[in-house]
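Biologist: I am new to this protein and would like to be led through its structure step by step. Could we look at it together and take one topic at a time?

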Amino acid sequence: MDGLQNIVFGGGLPGFPGGIRTWEDWQAFAKAVQTAGDPHALDFKAGLTGVPAIRLESIEATLRSVVEREESFRLFRRLQPVPAYSSVAEWATQVGIGGDLADAFHSETADIRGDAGQYKRNVLRVKYLMTRAEITIAALQQRTILGGGDDLKARENVNATLRILRALEWALFQGDEEVVPTQFNGIRAWLAREFPDHIFDLRGSSDTEALYSAIYEAFGRTIGPDGGFGKITDVYLSPTVQNDLDLYLAPQWRVPLSENPRAIEYGAPVVGIRTSYGDVATVQDVWIEDPNAAHLTTPAEVRTRGRISPALPGPRG
């Protein structure tokens, strides 16, 4: 064993002119040759020699994420969660107090008419949202920009949660169980079945006066004897509709951002619409479908990068 003391390893390596002689030298060499295996980095290293060809890439430790965040799901965050204990949920809604508008008038000795409130029983099938979080063994073992395997597992758990929230937020507006039985009915499908006269189709117009008139008509149909006794507090808008309001909504209909008189000028952000029934807050939600949205205009094979189940009927390519 004493003879090994005179053996020098790596005498020709750049950065180790005296060879690898001590334990510290071995640690320095091991640190130099670690690599994340990025194919682009390996291509770049093709022209390098010695330790620089195999050393760890200099990469920024910050992951720059441009994906959905929890704050992106604006309607879901407003909802009050209610626990479900069965696959079928039932509840009752009172839709009237009974009687007619003037049936309380009687003569002095007439029989007093009675009535009862009106109730509606509602039945809803509970729908299930699920996904799987997966990482490969290779990804689990290597060091990446996210750190070690445990960091990557935590990141994929977050991604899985966001996928469920994304599907939920989208379905709150666009879900339709008659089209996809595993979905629940969103606002559009629910209104079409329960209150079709509450849907106002502006046919893609940028005429904000038509929108304002529709809001007033909606007030008339939802508040009062012919509708219900509620209040319109929020209007959820796609980014394109919000842009139209910012550009074209008349100043007298805008809720001011501040005391600055310019805060209600054309082009200023519209945070609310002023009406005689109260201010209506505008809520921009990117999950309200726009006719030019990528998921409506791009073929599924391209949008999903080929990840379509082979069991799905229809042609491929």
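The conversation below goes from the whole chain to single residues.

Biologist: Before anything else, what kind of model is this, and how many helices and strands does the protein have?

Modeller: This is a predicted model, and that should be kept in mind throughout. In the protein, buried residues make up 21% of the 317 residues. As for its secondary structure, the count comes to 10 helices and five strands.

Biologist: Of the contacts between residues at least 6 apart in sequence, what share joins residues at least 24 apart?

Modeller: The surface may be mentioned alongside, since the protein exposes about 23100 Å², of which carbon and sulfur atoms supply 56%. Among contacts between residues at least 6 apart in sequence, the share that joins residues at least 24 apart is 48%.

Biologist: Which strands stand at the edges of the open sheet of three strands?

Modeller: The order of strands in this open sheet is β3-β5-β4, and the pairing is mixed. Within it, β3 and β5 pair in the parallel sense over four bridges, and Asp234 stands opposite Ala281 in β5. Two of the strands have a single partner each, so one side of each is left without a neighbour in the sheet, and these edge strands are β3 (234-237) and β4.

Biologist: Which helix gives the most residues to the largest nonpolar core?

Modeller: That core has 14 residues, and those with the most contacts inside it are Leu245, Leu249 and Ile273. The greatest contribution, five residues, comes from the helix that spans residues 208-222, namely α7.

Biologist: There is another core apart from that one, so how many residues does it have?

Modeller: Leu75, Ala171, Phe184 and Ile288 are among the residues of this other core, which lies apart from the largest one. Its full count is seven residues.

Biologist: Returning to Leu249, which residues is it in contact with, leaving aside neighbours within four places in sequence?

Modeller: Leu249 is one of the residues with the most contacts inside the largest nonpolar core. With sequence neighbours within four places left aside, the residues in contact with Leu249 are Thr208, Asp244, Arg254, Tyr266, Val270 and Ile273.

Biologist: Why do the rings of Phe73 and Trp287 count as a stacked pair?

Modeller: There are two aromatic pairs in the model, and in this one both Phe73 and Trp287 are buried. Phe73 lies in the loop between α2 (39-44) and α3 (74-78) and Trp287 in the loop between β5 and α9 (294-297), so the pair ties together parts that are 214 residues apart in sequence. Planes under 30 degrees apart count as stacked. The ring centres of Phe73 and Trp287 are 6.0 Å apart, and the pair is stacked because the angle between their planes is 25°.

Biologist: What is the angle between the planes in the pair of Phe173 and Tyr236?

Modeller: Phe173 belongs to helix α5 (residues 149-174) and Tyr236 to strand β3, so the pair links distant parts of the chain, 63 residues apart. Their C-alpha atoms are separated by 9.7 Å, while their rings are 6.0 Å centre to centre. The pair is tilted, with an angle between the planes of 55°.

Biologist: Is Phe173 buried or exposed?

Modeller: Not counting residues up to four places away in sequence, Phe173 touches Leu75, Gly186, Ile187, Arg188, Tyr236, Asp285, Trp287 and Ile288. Buried means under 20% relative accessible area. Because the value for Phe173 is 7%, this residue is buried.

Biologist: Which backbone oxygen does the side chain of Thr275 reach?

Modeller: Thr275 is found in the loop between β4 (272-273) and β5 (280-284), and with a relative accessible area of 10% it is buried. A polar atom of the Thr275 side chain lies 3.2 Å from the backbone nitrogen of Tyr277. At 2.5 Å, the side chain of Thr275 also reaches a backbone oxygen, that of Gly278.

Biologist: And which backbone nitrogen does the side chain of His106 reach?

Modeller: His106 lies in the loop between β1 (88-96) and β2 (118-125), where it is partly exposed, with a relative accessible area of 30%. The side chain of His106 reaches the backbone oxygen of Ala104 at 3.1 Å. The backbone nitrogen reached by this side chain, at 3.0 Å, is that of Arg113.

Key
Residues numbered from 1 in each chain as written. Predicted model: local features only at pLDDT ≥ 70, side-chain atom pairs only at ≥ 80, totals over all residues. Heavy atoms only, no water. Buried < 20%, exposed > 50% of the residue type's maximum accessible area, 1.4 Å probe, protein only. Polar contact = N/O pair within 3.5 Å; in protein donor to acceptor, adjacent residues only side chain to side chain. Pairing = 2+ DSSP bridges. Core = buried A, V, L, I, M, F, W, Y, C linked by side-chain atoms within 4.5 Å. Contact = heavy atoms within 4.5 Å. Phe/Tyr/Trp six-rings, centres within 6.5 Å; stacked < 30°, edge-to-face > 60°. Areas by Shrake-Rupley, 256 points an atom, 1.4 Å probe, with all protein chains shown as cover.
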